Amino acid sequence: MIDKQFDKETFKKSVKDNVKFLYRRKLEEATQEQLFQAVSYTVKDVIIDNWLDTQNAYEAQDPKIVYYMSMEFLMGRALGNNLLNLGAYGEVKEALEELGIDINALEDQEPDPALGNGGLGRLAACFLDSLATLGYSAYGCGIRYRYGMFKQEIRDGYQVEVPDAWLEEGYPFELRRPEYAKEVHFGGYVRVEYDQATGQNKFIHEGYQAVKAIPYDMPIVGYENNVVNTLRIWDAAAIEEFGFDSFDKGDYKKAVEQENLAKDIVNVLYPNDNKMSGKELRLKQQYFFVSASIQAAIEKYKKTHDDIKKLHEKVVFQMNDTHPTMAVAELMRILMDQEGLGWDDAWAVTTKCVAYTNHTIMAEALEKWPIELFSRLLPRVYQIIEEINRRFIIEVQNRYPGNYEKIKKMAIIYDGQVKMAHLAIVAGFSVNGVARLHTEILKNQELKDFYEMMPEKFNNKTNGITQRRFLLHGNQNLAAWITDHIGPDWITDLSQISKLKVYADDEKALQEFMNIKFQNKQRLAKYILEHNGVEVDPHSIFDVQVKRLHEYKRQLLNILHVIYLYNQIKLHPEMEFYPRTFIFGAKASAAYERAKKIIKLINCVADVVNNDSSINGKIKVVFIENYRVSNAEMIFAAADVSEQISTASKEASGTGNMKFMLNGAPTLGTMDGANVEIVEEVGQENAFIFGMSADQIINYENHGGYDPDFIYNTDAEIRQVLMQLINGTFSSDTELFRDIYDSLLNTKNCSRADQYFILGDFRSYAEAQKRVEAAYKDEKKWAKMALLNTACSGKFSSDRTIQEYVDDIWHLDKVTVTKSSEAAEK
Ligand SMILES: *Cc1c(COP(=O)(O)O)cnc(C)c1O
C-alpha cells in the first residue's frame with residue numbers, strides 16, 4: 001500500500017514538477033519555503049485520493065456523524081504528522097535526502113496554524129486525530145482566523161504581541177470550497193405573520209446584514225487506515241462583491257459595511273484562555289461559525305434522508321465549552337422557521353442532537369451576554385432562547401414549588417444576562433466534565449442544582465492526547481526504541497505501552513531510555529542557545545513549566561521558589577545542590593496586565609541568576625519565546641520534571657501533564673485536574689505531590705479566604721523573597737513588581753489577598769522540590785521512575801477518550817475505508 005503511494009522515483013519527480021510549475025525554478029534554485037510548498041503539494045495529492053475514498057465509503061455506509069464545534073483548533077504543523085499517519089515518513093525522508101533536502105529543515109518552514117489559544121484548542125485537535133484513526137465520521141467546525149492569536153516576542157523581558165500572519169505564504173493543506181458557502185444574518189428585526197393554512201405564526205427575520213461564510217477544508221489523516229476526515233473552518237466575505245454596481249445604486253455605505261463586517265469577523269482569535277471578555281465581535285464569531293456549520297450539516301443530511309425528525313439518528317453536535325452554545329437556538333430556528341416543525345417536535349430533535357463539554361469552574365470564564373447586545377445582534381435566536389427559558393422556569397417551579405432561589409440560580413436569562421452554560425445544560429442531552437475531580441466538583445458544587453434536577457445528563461470524560469503527535473512525531477528516538485522493545489501496537493492502542501513495565505529494573509533498558517532523554521535535552525539546549533543566547537547544561541535537571549500564563553496555573557509560585565533557591569545558594573555556597581535549568585514557556589493574554597508582569601519577572605530573575613558567576617551556573621532560568629505546538633513537541637521530549645502546580649480545583653484537567661508523562665517526565669504537582677488520575681496510574685512513589693487539596697481550597701473559599709499575612713510575618717525566608725520583588729534585586733525600578741507583591745498580601749490595593757494560595761502552598765512546594773532533587777541524584781531510581789511514567793501513560797490517549805465519547809454520548813458507527821483501484825494503480 002505504502003510502496004504504491006510513495007514510489008520514491010514518482011515522489012521525487014512530483015516534487016521537481018511542483019517546483020517547476022509553482023515557481024518556474026529548478027530544484028537546486030528553490031528556496032526552503034518553495035521546497036516546503038512543493039513537497040506539501042505532493043503529499044496533499046496522496047491525501048486527496050484517500051479523502052475521496054473516505055467520502056465514498058461514508059456515502060455507501062451512511063454512518064452517524066459527529067460535528068465537533070469549537071472556536072479553536074490548535075493543530076500544530078501538518079506536514080510531518082500527515083506523513084507519519086500516511087505511513088510514509090521514512091520513505092519520504094529518504095527520497096528527500098536523495099534530493100539533498102533535510103526533512104527536519106523542511107518541517108521547520110511550516111507555520112503553526114494560528115487557530116487556538118491553548119489546552120481547549122489542542123484538545124479539539126487531538127480529538128480529530130483520534131476520530132480519524134479510530135474510523136469515525138467526524139467534522140471539526142470552526143473559524144478560519146486570518147491572524148489567529150498573536151505571535152509572542154520577548155523584548156527587554158516584556159511580552160510584545162506581533163500579528164501572526166500564518167496564511168501569508170499560502171497554506172498548502174487547505175482546500176477552498178466556495179460551492180458550499182452559506183449566508184449568516186445579523187441584526188434586523190422579527191416580523192410575525194399568521195399563516196392561515198397551518199394556523200401557526202410565522203417568524204420572518206428582516207432588515208438584517210448578511211455575511212457569506214465560505215468553508216475551507218483541511219484533511220485530517222487517520223493513522224495508516226486510509227481515513228481522511230475534515231476540519232471545516234469558515235472564512236467570511238461580503239455577499240455582493242463590492243463594486244461600481246452598488247456604488248451607482250447609492251448602496252456604497254452598505255457595501256462597505258458588509259465588507260468590513262466580514263473582514264472583522266474572521267480577523268483575529270481572541271487571545272483569552274479561561275476568561276470571558278464580553279466583546280460583541282466574539283458573539284458574532286460564535287454565531288457565524290455555528291450557523292454556517294449547522295446549515296451545512298442539515299443540508300448534507302437532507303441530501304440522503306427525508307425525515308428531518310430523525311436528524312438525531314445521523315447527526316450529533318458536540319459543543320466544546322459554551323462558545324458554540326448558540327447551536328441550540330440556531331438548530332431550533334432552522335427546524336421551525338425553515339423546516340416547518342412545531343416547537344415540541346423541534347425541541348425533541350434538538351435535545352437529542354446537542355451535547356455540552358464543560359471546561360472550567362472559574363467564574364470569570366463563564367460566558368454571559370447582556371440581553372441588550374444579544375437581542376440586538378440576533379433577534380430571532382434571542383426570541384427562541386427566551387421561550388426555552390420560559391418553559392424551563394415552569395419546569396423548575398413544578399419541581400420546586402415556591403422556591404424562587406432556585407429560579408434565580410438556574411434561569412437561562414436572569415439579571416439582564418443570557419447565561420450560556422445554563423442554556424447548554426438545559427438543551428444538551430449530555431453534560432461532561434474533563435477529568436474525574438472536575439466532574440465531581442461540577443456535580444457537587446458549581447452545577448449542583450442542575451445535577452439534582454437532571455443527574456442522568458452528567459458524565460465524565462477524562463481528557464487525552466494523541467500519542468501520534470506527542471511521541472511518534474515529537475520524540476522519534478524514543479518511539480523507535482519503544483517499538484523495538486514492545487512492537488508498534490502502542491501507536492494505535494496506547495494501553496499496550498504498559499508492556500514497558502517489564503524493563504523497569506533492566507539496567508541496559510534504563511540506560512538506553514535515559515540516553516534518549518539526554519539526546520533530546522541536547523536538542524533543546526541547542527534550540528535555547530540559538531533562540532535565547534543562553535547556554536544550558538543538558539546534564540542539569542530540566543524542570544519545565546509550559547502552558548498559558550494564568551495566575552491559577554501559578555508560574556509565580558515557580559519563579560518565587562527559584563528566587564528562594566538562589567538565596568539559599570548565595571547564603572550557603574557549599575551546600576549540596578544539583579544543577580537545575582528552569583524552563584518556562586507561556587503566552588499571556590494581551591489585556592492581562594498581571595500575567596504580563598509575571599513574564600517580565602521571570603525574565604528579570606533569569607537575567608540576574610544566569611549572570612551571577614558566584615553561583616557557578618547551578619541555576620539557569622530560560623523563558624522560551626512563543627510557546628506553541630511545534631516547539632512544545634520538542635520541549636516535552638526533553639523534560640525531566642513536569643510542573644503541574646495549579647491551585648487545587650482550578651485546572652479542570654490539563655493535557656500538558658499527560659504529554660510530559662508520555663515522554664517520561666514525572667509530575668511535580670498538586671492534586672488537581674487529571675494529575676489525580678496520573679498519580680493513580682503511575683503510583684504516588686513515581687510523582688511529587690504537594691499542596692492543599694481541592695476540598696481544602698474550596699473550604700477556605702467558602703469561608704472568606706485565608707491569611708497569607710500570617711505566613712509572611714512568621715516565615716523570614718518567604719518574606720525575603722517577597723521583599724526582593726520591591727527592593728531593587730531584580731529591577732532597578734522598585735515599583736515594577738509592586739502589583740505582584742500587593743496581590744499576595746492584605747494590602748490596601750488587594751481585595752482577595754493571594755487568592756491562588758501561593759504562600760499557603762510555598763513550603764510544601766519547596767519540600768517537594770527537595771524530594772525531586774534527592775530522587776534525581778539516584779540515577780537508577782530516577783530512570784525507573786521516568787520509564788514507569790511512560791509505561792503507565794496508557795490511559796491518557798485521546799483514543800481512549802474518544803472511544804468513551806462514542807460509547808456513552810455519540811454512538812457512532814465504525815467505518816472501514818479501502819483504497820479504490822484508481823488510487824492503488826498510481
Ligand atoms: C497541551 C498544550 C497546552 C495545554 O497545556 P496545559 O498544561 O494543559 O495547560 C497549551 N498549549 C500547547 C501548545 C499545548 O501543546
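**Figure 1. Residues around the ligand in the predicted model.** Thirteen residues surround the ligand, and those that come nearest are Lys-547, Lys-553, Thr-655, Gly-656 and Lys-659. The model is predicted. By class, the shell around the ligand holds four nonpolar, five polar and four charged residues. Both domains contribute to this shell: domain 1 (8-463) and domain 2 (468-693 + 755-799) each supply at least three residues.

**Figure 2. Polar atoms next to the ligand.** Two lysine side chains reach oxygen atoms of the ligand. An N or O atom in the side chain of Lys-547 lies 2.7 Å from a ligand oxygen. For Lys-659, an N or O atom of the side chain is 2.7 Å from an oxygen atom of the ligand. Gly-656 takes part through its backbone, where a polar atom sits 3.0 Å from a ligand oxygen. On its own the ligand has 390 Å² of accessible area, and the protein covers 96% of that.

**Figure 3. The two domains and their contact.** The domain assignment divides the protein into domain 1 (8-463) and domain 2 (468-693 + 755-799). Note that domain 2 is given as two segments, 468-693 and 755-799. Taken over C-alpha atoms, the centres of domain 1 and domain 2 are 32 Å apart. Domain 1 puts 51 residues into the contact, and domain 2 puts in 48 residues.

**Figure 4. Area buried between domain 1 and domain 2.** Together the two domains bury about 4000 Å². Carbon and sulfur atoms account for 54% of this buried area. On the domain 1 side, the residues that lose the most area to domain 2 are Gln-152, Arg-436 and Asn-463. These three together make up 14% of what domain 1 buries.

**Figure 5. Polar and charged pairs across the domain interface.** Between domain 1 and domain 2, 28 residue pairs are in polar contact, with both residues at pLDDT 80 or more. Five salt bridges are found across the interface of domain 1 and domain 2. A close-up of one charged pair shows the side chains of Glu-161 and Lys-596. They meet in a salt bridge, with 2.7 Å from N to O.

Key. Residues numbered from 1 in each chain as written. Predicted model: local features only at pLDDT ≥ 70, side-chain atom pairs only at ≥ 80, totals over all residues. Heavy atoms only, no water. Near = heavy atom within 4 Å. Polar contact = N/O pair within 3.5 Å; in protein donor to acceptor, adjacent residues only side chain to side chain. Areas by Shrake-Rupley, 256 points an atom, 1.4 Å probe, with all protein chains shown as cover. Nonpolar A, V, L, I, M, F, W, Y, C, P; charged D, E, K, R; others polar. Domains from an automatic or database assignment. Contact = heavy atoms within 4.5 Å. Buried area = accessible area lost by both parts, 1.4 Å probe. Salt bridge = Lys/Arg side-chain N within 4 Å of Asp/Glu carboxyl O.
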